[in-house]
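Here is my note on the chain, set out as numbered points. Please read each one with the coordinates open.

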Amino acid sequence: MADPFLYNTGERSGYGCLGHEVQVEHIKAYVCRPSFFTDKAVIVIHDIFGWQFPDIRYIVDLIAGHGYITICPDFFKGKDPWKTTDHWHDFADWMKEHDPVKVDREADVVLKYLKEQCGAKKIGIVGFSWGGMAVHHLMLRNPQLDAGVSLYGIIRDSEERYNLLNPTFFIFGEKDHTISHDQITLLEEKLKQYCKVAYKIKVYPGQVHGFAQLKPEDMKPDDKPYIEEARKDMIDWIKMFI
């Protein structure tokens, strides 16, 4: 299997996190809060590189800066994330042990924590790649999530994948070779036919898989406007419903 991350994931700049780690029942998580009280929260689901990867913590801090209690749980439950030294021919076996549609129990634990311990009344969810697939799944199953954003990750093997429960935004890169244009077109056609809630699909020109979670210092100059646009669109969608 070809590496879907065309940016070199082994050459990322360091990042000084603004939040802290917590234990939520059996799950470790990274949390960042705004400087003022809020009853709005966002769950961030990491990609295959896991909850401690610098890029995902940057995104958590970014969302918190817009006024949300933001949490990134370890949806791998202590299992090893994919590492930059791993070989892609082992990826299918790795995925069998890290199934993005088997996240319901952990999502319920985190939702309970946000409501009971943080006072959250409205909760959204955002996910990247592996996490995007998990978001798509959860937006079909969990009505407690008031809105979702799935970035370059979709459920592909279920005829029930179009009956979204709450507003969902799907973000894709034009040059993402892990998700074909035909798959995006099919998603759009079927959502138009079956979906009864607000949804949006947007494809960003020239962008590859994993583009939207890069820290500013890791962006290529030509890609920066599209990355910033995607992040603004993500935040605007959250603000519309949360």
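1. From the N terminus on, the elements run β-β-β-α-β-α-α-β-α-β-β-α-β-α, which gives six helices and eight strands in the chain; these are DSSP runs, with helices as H or I of at least four residues and strands as E of at least two.

2. This is a predicted model, in which local features need pLDDT of at least 70 and side-chain atom pairs count only at pLDDT 80 or more, while totals for chains, interfaces and linings use all residues. Residues are numbered from 1 along each chain as its sequence is written, and side-chain values use heavy atoms, with hydrogens and water left out.

3. Of the 242 residues, 55% count as buried, meaning under 20% relative accessible area with a 1.4 Å probe, protein chains only. Among contacts (heavy atoms within 4.5 Å) with a separation of 6 or more, 71% join residues 24 or more positions apart.

4. The largest nonpolar core, a set of buried Ala, Val, Leu, Ile, Met, Phe, Trp, Tyr and Cys residues joined through side-chain atoms within 4.5 Å, has 85 residues, of which Ile43, Leu114, Trp130 and Met234 touch the most other members. Leaving aside residues up to four places away in sequence, Met234 touches Ile63, Val126, Phe128, Val149, Leu151, Phe169 and Ile171.

5. The structure holds zero disulfides, a disulfide being a pair of cysteine sulfur atoms within 2.5 Å. Cys72 is unpaired because its sulfur lies 11 Å from the closest cysteine sulfur, in Cys17, too far for a bond. Cys118 is likewise in no disulfide, the nearest cysteine sulfur, that of Cys32, being 12 Å away.

Key. Buried < 20%, exposed > 50% of the residue type's maximum accessible area, 1.4 Å probe, protein only.
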